[in-house]
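Here's a quick briefing to read with the model open in your viewer. Skim the bullets by topic and click through the residues as you go.

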Amino acid sequence: MNEFHNATYLGVFLDEMEEQLQCLDDALLTLESDRGKVETIQTIFRAAHTLKGSSAVMGFQRLNELTHQMESVFDLIRNGQLEVTSELLNILFDCVDYIKQLRQSILGGEMTEGETAPLLKRLEAVRDLSILASESCEQEVNKDENKETFTSNIVFDEFQKEQIQSALINGYDAMAIYVQLSKEAAMKYVRAKLVHINLQELGEVIVCSPELESIETDEQFNGTVVYTLITQEIQKVILHSLNQVSQIDSVNIVAITDQNLDAISIVREAPVIEPAKAEVEVIETGRSESKVEGKVESKVQVTQTVRVDVERLEGLLNLVGELIIDNTRLRSIRAKLTEHFKDNNDVAILNDISNHLSTVVADLQEGMMKTRMLPIEHLFGRFPRMVRDLAQKANKEIELIIEGKETELDRTLIEEISDPLIHILRNSADHGLELPDERAKLGKSRKGTIILRASHQGNMIVITIADDGKGIDIEKVKEMAVRKGFVTEEEVNQMTDKELTFLIFRSGVSTANQVTDLSGRGVGMDIVKSHIEKLNGVIDIETVRNEGTVFTIKLPLTLAIIRSLLVKFGTSTFAIPLVNVIEIFRLQVADIRLVQGKEVCMFRNQVLPLVRLHDKLNVQEDAEQNRDRLFVVIVGVADKRVCLIVDQTIGNHEIVIKPLGSYIGNVPFIAGSTILGDGHVAHILDVGSIAREVGSYYEKKVLDAREEAQLESRNKKYVTFQLADMKFGIAISKMKEIVPVPEIHSLVSAAPNVLGMINLRGLLLPVYDLRRRLGMENIEISFSSRILICEVSGHEVGLMVDEVTEVSRLSEAELEEAPDHVLRNSDFLEAIYKKEQQFILLLNLEKMLNLEYSKKKEAG
């Protein structure tokens, strides 16, 4: 073994090893389901050959020996001399596992290779068994045993010999093909030329003996032509091609290898030729080689990549974060200067520069974020092999379906989320899915299905793992939780099915009848929960007995730059990661209840703990806050939900996370800080620590399907907002998002109620003035003004409002039609909601904005 292992190239070697191992895993799994696919066999052979070559260069002798034996077995498969069986695949998978373990050892600084002798013996036994198949194949090739076998020496010059050696190194095959033409063939030259043409289509013929031109004039020609072919096709393909040519008595194919090259060849000195002629030879050879390579290229796409040190990328991303902060501050100053010096030309130029800079910074941020992002295929690609092994151990038939593997995720999250997914998949395979006979009795297909799906949802990634097994046995969970002492008999009887299901996240709780080497000890789901909490994610479970279980995991796309909800506690600003924000609502003080001395609130049939963080964060409560109706933000992490009372909600902002630093240490409930556009510092709340201290297990009353359908039909959600002292509402189904008021650009010949256009992340949207459309008095835009982005008649538009208040669920029983005899434009109102002191006007945006008429006018 090389003493230094070529340390300079060790990182490249390990990266290449990982790629080739993943390629082998995928290709072997494909080969197991489709055992005759030539492209798959070629892919496997190339991967093994690459590993053999790189391990030799790096000085890993045992690895080189193992991959050489693997390559030999793959070559037998490729040439049709060895049948693919489950036992053979198990041996090959074991070899792949050894190489994976070696890679992990090298990454850990351990350069010693493990013992390969047992694997080598198993591979040699496989090769020995293939002898009979090989002899059978030779008998098929030599149709007439009485015919002469042609193994005479082939004459190469030095250049041709180098060509063969180079081809063997690069993964190609070299073959000496002996063709015996029929004695009755009247035009032997034509037959030999047809053979030559057919072989040229399969690779490159570098030597033909005798030369074809001499056959016509050579009276001593005995009908034997030897072609030396460089190719990547298997012998069966070559034989099939030659069978298209008539008047051939026999074909004998001899593989040329490093070991027999000298034995079957005679090397003559290369003729001395003129430089111009040499140049022509090289060009022709290059063209022919590109033909062979072009055939392979059509099957494999090569991506141009550059390897960059991760720390360098992290440094650049930090600089982009600083640039975002300064750009936000610049926009804030620009807005103030524009307000004070509206007619100043220099300020107008500053506005143009600032707008362009914002676009460039946004593109730069997006580009830098993409350098951190990897397709989740890098993670999901490991699981088909794992599920295949689990199915064999559990004697089950399992199909793993992977969807959305092109979904991108921060590279740091890919490794962190690996363990939770492994535990969930193992549980699904081991005691989620039934045995084939059990499934057949239940009327299911014998093969169980696990669906692993990834998708983007806003600024989050959503991963679901669904199986069609027996579901979670709630009774077993209940029994185990009581036995372990997590809950009492009385408490468990008061829990809903949802709450009982979430008890499986407690350490030691398991529904398995017996402990296996796959699962059953009750620690897996505890690990899942702790990992999800660590990543500020949320997990949910839906299960139906004898139908299956669905795990849903929501995670932030990245841990460096995140979208957050800015809120006020007193005069201080805090950020809550938006991935943890479940909902925002207004709570009547009268609706607060005390349970065992702790404040709780009822929200949509849920009992949730109510937390006031002012004392914990050492901030004063806002004295001017409306004490009758409180702002409440429901936050969640993993399986817990908490209600936070805040003094004010500011809006959604993209923030750059800055660590507090080791000199400050761990501050309770604070995960980090960020710098806002005005230069002030906002602390980021650690939702995980808040939930761990005061969190309640998520409880949701499961209604009867009919009752739930009736409830949904009777109640609808509306976003409510203020215009002057009047309250209006818009159906939440029409809402896209709510944004602070950006710069509004005026339009020429615009309708009276159109304020102008805004640029929302590269999308131009018109902004309508609801006050003017409703005949109300105009006022200046204030700090609380917002733009509602809605979809109306197939258009996305912005609506200017004075203040957004809350999302309300309004009962149809309290809705009344707008009176025609009182209003000039009663069509503008969908209905009027009245209950006790509440009075909300619900708008009909389609008729109010009349965009359908505009579309017809454009079409006309």
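What follows is a short tour, from whole-chain numbers down to single side-chain pairs.

This is a predicted model, so keep in mind that side-chain atom pairs count only at pLDDT 80 or more. The chain has 860 residues, and 46% of them are buried. On the secondary-structure side there are 28 helices and 36 strands.

**Whole chain**

- Take the contacts between residues at least 6 apart in sequence: 70% of them join residues at least 24 apart.
- The accessible surface adds up to about 45800 Å², and carbon and sulfur atoms account for 49% of that.

**The six-stranded sheet and its surroundings**

- One open sheet has six strands in the order 33-26-27-36-35-34, and its pairing is mixed.
- Its edges are strand 33 (803-811) and strand 34 (815-816), each of which pairs on one side only.
- Inside that order, strand 27 (residues 726-731) runs parallel to strand 36 (residues 838-843), with two bridges between them.
- Phe 728 has Leu 841 of strand 36 as its bridge partner.
- Phe 728 is also buried, at 2% relative accessible area.
- Leu 770 sits in helix 26, which covers residues 770-773.
- How accessible is Leu 770? Its relative accessible area is 0%, so Leu 770 is buried because that value falls under the 20% cut-off.
- Beyond its neighbours within four places in sequence, Leu 770 touches Phe 721, Leu 723, Leu 799, Met 800, Val 801, Leu 843 and Met 848.
- Leu 770 and Leu 849 are 79 residues apart along the chain, while their C-alpha atoms are 9.4 Å apart in space.
- Phe 721, one of the contacts of Leu 770, is itself buried with a relative accessible area of 0%.

**Strands 17, 18 and 19**

- Strand 17 (residues 592-595) and strand 18 (residues 598-603) are antiparallel partners, joined by four bridges.
- Strands 17 and 18 make a hairpin with two residues in between, and Gln 596 in the turn has a positive phi of about 50°.
- Across this pairing, Arg 593 is opposite Val 600 of strand 18.
- Strand 18 also pairs antiparallel with strand 19 (residues 606-612), again through four bridges.
- Met 602 has Val 607 in strand 19 as its bridge partner.

**Salt bridges**

- Side chains of opposite charge can pair when their charged atoms come close.
- The model holds 24 salt bridges.
- Glu 599 and Arg 612 form one of them, with their closest N and O atoms 2.9 Å apart.
- Glu 599 belongs to strand 18 and Arg 612 to strand 19, so this pair ties together parts that are 13 residues apart in sequence.
- Both ends are partly exposed: Glu 599 at 26% relative accessibility and Arg 612 at 32%.
- Glu 479 and Arg 483 also form a salt bridge, with 3.6 Å between the closest N and O atoms.
- That pair lies within helix 19 (residues 474-484), where the two residues are four apart, or about one turn of the helix.
- Arg 483 has 57% relative accessibility, so Arg 483 counts as exposed.
- Arg 446 meets Asp 437 in a salt bridge at 3.0 Å, N to O.
- Arg 446 is partly exposed, with 39% relative accessibility.
- A salt-bridge network links Asp 25, Glu 32, Asp 97, Lys 100, Arg 385, Arg 388 and Asp 389.

**Aromatic pairs**

- There are four aromatic pairs in the structure.
- Phe 569 and Phe 574 have ring centres 5.4 Å apart and planes at 80°, so they count as edge-to-face.
- Phe 569 and Phe 574 are both buried.
- How are the rings of Phe 721 and Phe 728 arranged? Their centres are 6.0 Å apart and their planes are at 15°, so this pair is stacked.

**Nonpolar surface patch**

- Met 187, Val 190, Leu 194 and Ile 197 make up a nonpolar patch of about 320 Å² on the surface.
- Ile 197 is in helix 7, residues 188-200.
- Ile 197 has 39% relative accessibility, so Ile 197 counts as partly exposed.

Notes: Residues are numbered from 1 along each chain as its sequence is written. Side-chain values use heavy atoms; hydrogens and water are left out. Buried means under 20% relative accessible area, exposed over 50%, partly exposed in between (1.4 Å probe, protein chains only). Contact means heavy atoms within 4.5 Å. Accessible areas come from the Shrake-Rupley method with a 1.4 Å probe; for residues, only the protein chains shown count as cover. Two strands pair if DSSP finds at least two bridges between them. Patches are made of residues with over 30% relative accessible area and no salt bridge: like charges are joined within 9 Å, nonpolar side chains (Val, Leu, Ile, Met, Phe, Trp, Tyr) within 5 Å. A salt bridge is a side-chain nitrogen of Lys or Arg within 4 Å of a carboxyl oxygen of Asp or Glu. Rings of Phe, Tyr and Trp (its six-membered ring) pair if their centres lie within 6.5 Å; planes under 30 degrees apart count as stacked, over 60 as edge-to-face and the rest as tilted.
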